[in-house]
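Me: Please take a close look at the internal cavities of this protein, with attention to what surrounds one of them. I should then like a connected account of a single loop residue and of one strand with its partners.

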Amino acid sequence: MNKPSDIKGLVLDPVTSDQRYIGYSEPRHSAKRLLEGQGTYIDDLQFPRMGHVVYWRSPVAHMRILKIHTERARKMPGVIAIVDGQQMAQVCKPWVATLGHLAGMKSAPEYALAIDRACWQGEPVVAVVAETRAKAEDALQHIEVDWEELPAVVSMHSALDPASPVIHPELGDNLCFKRSLDVGQVDEQFAKADVIAEATFGFGRHTGVTLETRCQIADYNPGEKRLTVYHSQQAPHMMQDLYCRQFGLSESDVHVICKDVGGSFGIKVHAYPDDFATVGLAIMLGRPIKFVADRLESFVSDIHAREHQIKGRIAANKQGEILAFEIDDLTAIGPYSMFPRTSAIEGNQVVNLVGGPYQHKHYRANLNVVFQNKTPTCQYRGVGHPIACAVTEGLVDLAARQLNIDPIEFRKRNVIPDNAYPYTGASGIKLEILSHEQCLRTLEKMMNYSALRAEQAELRKKGIYRGIGIATLIELTNPSAAFYGVGGARIASQDGATVRLDPSGVVSVMVGVGEQGQGSEGIFAQIAADAVGVSIHQVRIITGDTDVTPYGGGTWASRGAGIGGEAVLIACQALRENILKLAGAILKREAGDLAVLRSQVVDKASGEALLPFNEIGRIGYFRTDTLPPDFSVDLMVTRHYSQRDFPFIFTNGVQASYVEVDVDTGFVKLLKHWAVEDCGRVLNPMLVDEQVRGAIVQGIGGVLFEECLYDESGLLRNGNMADYLVPMANEMPDIEVAHVETPTASSKLGAKGAGEAGTAGAPGAVMNAINDALAPFNTTVFDQPITSEKILRALGKVN
């Protein structure tokens, strides 16, 4: 790629300018350690006296717990303890997950172990602790629970019916949250429209399926009254705070360590009942307790997401101008709102994001979030974006088809112009700077759109039905405190970095944003190397340790580079200035006449090397007696950054999918996928491209394969890797990625997020491509996942 643009405040005099890493494709140096099997995951850790816990989980969707028989289980070899909900409630407080800015939201108190009732299949009821996992599982087979099965609310469509049972009678009904948004004159716009297109969109609930399941080791030291939790988590400081609140501890008494994390996707950013129960057991027993979910229990205990049905319509005039959008969203979240981020955020974001790329002024939305007796749902990669994008882009394609306007041309006429920013969207979202027009031009050229349309037309004459689907998108990243803090959730929007020049000249960076496999540590190393002026091999990154790293929000909402990276940058710039001040004192020269170049302090004018970093470190740490008496400078600095200019910094992009549909079998073949992404300044093109590709594959999983299927009684039918379909490499198309860069002015780096846009746009693009292939048959499919059966039903070939 061309030489990356300079970072504000980073580049020195042209003689010594040496931006070697930011903007270039630098391999992740931690990858070698992981490939050699040197990673440290939770199940790799062993401690003396460690107990292993397994949970007896509700086998039904809704039941009253009558009596728990543990006598036989307690006699099994190696059993340390058996604990029920009443005992656990003595050490762990219940919680209620609501947010103050989501007016009227409600949820019932939830406990670490169910006490009187279990409200979904998989809710933990009894904990069995033994010397080994195998012994705990053996004892688990001898737990006997007398229960009374209760009526279950399974379908979200009947959750609000007066005849349906109320899951939590104290709440009055099964409505968790309701929101209505009407910017005005929507009915008038539909009345004067030349074209009205409408559809009902279905989205099947699915889950994250991380390589490493949820797991932790909780270790309580009664002598020090100190809790240490080794965790596979995205937000260690958030969990530290939650443990303090739920167990009556102070921050200084809780240490959370997240070493290597085997994937997260939002699954590991929540606080689960079995998480608190494991910590409670460590406190009760005064010994380390390990919990590692097996894959079967993960399917019924990990959060699910995306169960929505949305009725949507769009109004347009014959000139091809979008006049208005309207949606009605019904979504179900399980029996409780998840703690602490709540389960209403996904639906709320759908309301905010529908129609987001377009310049229409009229919009109306209604949202109902209901309780049901299924596994709780919450934030999962993309959080509402794939839903909002699919609804928006599906309606846009329908309108374009009725107007007989090419889909790309229709979008060109309606996206917010690139010169219109800052801009306020119809839902009220604040957009700093986006590039829809440039992204569409780039995509059209990249995919050779006109030639592809010609090929499609020729193949149709031969009975081969291919389709081209387009999806424009926006993605919220770099969130401010307007996301959670304003609602009372103690989830940090800021992040911090501590940077230290070691005596050897190595730069150690401690940052609150952790590594989950997305490459954050590599990005931080690139930033630190350029900002301080050292080789990337002289940078050491430390993350995921609440005793070491500055307080921060962790990894979520594509904030790693934009928030954590900015904290690293400003901390490293401060360290560089201190290095120059110390060098000036040593050399008896003005710091302004000096510069940094490749671990050396050099003459700014000539570039002559004057003092290596290891010598600066030696004097700064061991020979301060040689410095002027009144001179003081720190070789370790901490800086924090929070994005406060906008509620969120939005990115944008556009994706296209090319598919072939076999109209005899309903089979969909993915031929090619294109993505143009604008994530602000691209810090590492290779990492961003792979993030985009991976996210696209995850989005394809949602639109074609993944769905948690329940029977009429609320039991999960396909909770295993044999029956739950995930995308496989041989099914995926080639994915071509290109970039447009419009850096945000809210930071020096100018970086926005890139981790979720692929997931946001892929379902809409693939769905539109399938419907484009089916256009000759005058039928559509808007129910995801789009299976062969659904296609054949749309074609009238099966009932």
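Reply: In this predicted model, a search of the whole structure identifies 8 cavities of 30 Å³ or more. The second largest cavity holds about 90 Å³ of space. Its lining consists of 13 residues, and those nearest the centre are H206, R306, G702, P763 and Q784. Three helices each give two or more residues to this lining: α10 (385–403), α17 (685–705) and α18 (757–773). Of the lining, α17 supplies the largest share, with 4 residues. Sorted by class, the residues around the second largest cavity comprise 5 nonpolar, 7 polar and 1 charged.

The loop residue to consider is E307, which is located between β14 (304–305) and β15 (308–316). Is E307 buried or exposed? E307 has a relative accessibility of 10% and therefore counts as buried, the limit for that class being under 20%. Its side chain takes part in two polar contacts with basic side chains: one is with the side chain of R205, at 2.7 Å, and the other is with the side chain of K374, at 3.2 Å. Once neighbours within four places in sequence are set aside, the residues in contact with E307 are M156, F203, R205, L330, T331, A332, E346, Q372 and K374. Both polar partners, R205 and K374, thus appear in this set of contacts.

Attention now turns to the strand. Strand β10 covers residues 215–221 and is mostly covered, as 5 of its 7 residues are buried. Which strands pair with β10? One partner is β13 (residues 289–292), joined to β10 in the antiparallel sense over 4 bridges. In this pairing, C215 lies opposite V292 of β13. The other is β11 (residues 226–231), and here the pairing is again antiparallel, over 6 bridges. Within it, I217 has Y230 of β11 as its bridge partner. What arrangement do β10 and β11 form? The two strands make a hairpin in which 4 residues separate them. In that turn, K225 has a positive phi, with a value of about 50°.

Terms used:
Residues numbered from 1 in each chain as written. Predicted model: local features only at pLDDT ≥ 70, side-chain atom pairs only at ≥ 80, totals over all residues. Heavy atoms only, no water. Buried < 20%, exposed > 50% of the residue type's maximum accessible area, 1.4 Å probe, protein only. Polar contact = N/O pair within 3.5 Å; in protein donor to acceptor, adjacent residues only side chain to side chain. Contact = heavy atoms within 4.5 Å. Pairing = 2+ DSSP bridges. 1 Å grid on protein atoms, 1.4 Å probe; cavity = no way out; pocket = protein on both sides within 12 Å on 5 of 7 lines; lining within 4 Å. Points joined across faces, edges and corners; volume = space filled by probe spheres on them. Nonpolar A, V, L, I, M, F, W, Y, C, P; charged D, E, K, R; others polar.
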